[in-house]
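These are my notes on a single chain. I began with the whole and then followed one set of strands.

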Amino acid sequence: MIEVRNLIVELDDFTLGPLSLEIGEGEFFIILGPTGAGKTALLETIAGVYRPSSGRILIEGQDLTFLPPERRGIGIVYQDYSLFPHQTVRRNIEFGLRLKGIPKGERERRVQELVGLLGIGHLLDRYPPTLSGGEGQRVALARALAPRPKLLLLDEPLSALDPKIRERLAGELKRINRETGVTFIMVTHEIKEALVLGDRIALLRDGKIEQVGEPDQFFSSPATPYVAEFFGVNNVFKARFEGDKALVGDVTITLKAPPKAREGFVVIRPDDIVISKIPVSSSARNQFRVEVTSLRDLGSYVEVKARVGSVEFCVYITRYALRELDLKKGERVFLSFKAMAVETIWR
């Protein structure tokens, strides 16, 4: 559906790219990253607000790189919704249809379709300043969808809403994406939103893509240490590889297979590690005698830090397991995990 090829955009003291992306038809695609990563710049370049210094943007095989925004067949919803305050909701929704010269009867049919889809029939004669944040978002979506765009761009559309409304409207965005079949590209800095809504996610950092993939892949197979840290995956260690061994400081960790590099990082998820009072007999090929350095109650689980040599591991256990083990700071216990649980990262 959408191809971004070797795109570079130069904006004052910030450079976006080079980056490439492919996004499928009907996909709900998330552009995720911290403030200043280039998320909105990428979205607005796709929309035609910025011209790239090099690279191409194609939709359904058509090169749109230098087409003006109004000829791209793309809808966009900004964080502040940008509704026309002195026009009714009905006139706001009809705006793009009027620009296209759509006859009145067809305009009315399209408005009624969107009213049914978004549940805003009671708002048609209201003006934007009288709408709540959630109502304004629905109206902005209706206006963007009215001309039947091939692609809908969403720039942090939920960030101005309170948490309860945000959660409900996130579900509505997902439903609208599925019911209309329109491809959605949404910018957010919220990991939870990205995981809930995204079919796939692109994580940006300093204008470049760190990783693209399905939500689970960012936890199970982070592509870089930055990805692991951004998604809160603990136990990211710099390593030197020798065959199927990773040398992390003075600790040797057994891997599932030899990496195709001499140096890199290893990642072990905290909930893939087992703590026991005695050595365990299992298929876990990594087992160490460790000292408990801290215990922290995180509500639904307990974070245990445990050190062997120069390496400190983070482990998540249940409260029940904590009571059963009767763990205390300074106690020496056993820590084990499978070779399959160790992910390797290298460039």
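How much area does the chain expose, and what share of it do carbon and sulfur atoms supply? I looked this up at the outset, bearing in mind that the model is predicted. The exposed area is about 16,800 Å², and carbon and sulfur atoms supply 49% of that area.

Entry on burial and extent. I find that the chain has 347 residues, and that 49% of them are buried. Along the principal axes, the C-alpha atoms fill a box of roughly 80 × 45 × 35 Å.

Entry on contacts. I took the contacts in the chain with a separation of 6 or more and noted that 66% of them link residues 24 or more positions apart.

Entry on charge. I recorded 49 positive and 46 negative side chains. The centres of these two sets lie 1 Å apart.

Entry on secondary structure. I noted nine helices and 20 strands in the chain. From these I chose strand 4, residues 54–59, and asked which strands pair with it.

Strand 1, residues 2–11, runs antiparallel to strand 4, and five bridges join the two. Within this pairing I located Ile-2 opposite Ile-59 of strand 4.

Strand 5, residues 62–63, also pairs with strand 4 in the antiparallel sense, over two bridges. Here I identified Asp-63 of strand 5 as the bridge partner of Leu-58.

Entry on the turn. What lies between strand 4 and strand 5? I found a hairpin in which two residues separate the strands. Glu-60, in the turn, has a positive phi of about 50°.

Methods:
Residues are numbered from 1 along each chain as its sequence is written. This is a predicted model: local features need pLDDT of at least 70, side-chain atom pairs count only at pLDDT 80 or more; totals for chains, interfaces and linings use all residues. Side-chain values use heavy atoms; hydrogens and water are left out. Helices (H or I, at least four residues) and strands (E, at least two) are DSSP runs, numbered from the N terminus. Buried means under 20% relative accessible area, exposed over 50%, partly exposed in between (1.4 Å probe, protein chains only). Contact means heavy atoms within 4.5 Å. Accessible areas come from the Shrake-Rupley method with a 1.4 Å probe; for residues, only the protein chains shown count as cover. Lys and Arg count as positive and Asp and Glu as negative; His and the chain ends are not counted. The place of a charge is taken as NZ of Lys, CZ of Arg, CG of Asp or CD of Glu. Two strands pair if DSSP finds at least two bridges between them.
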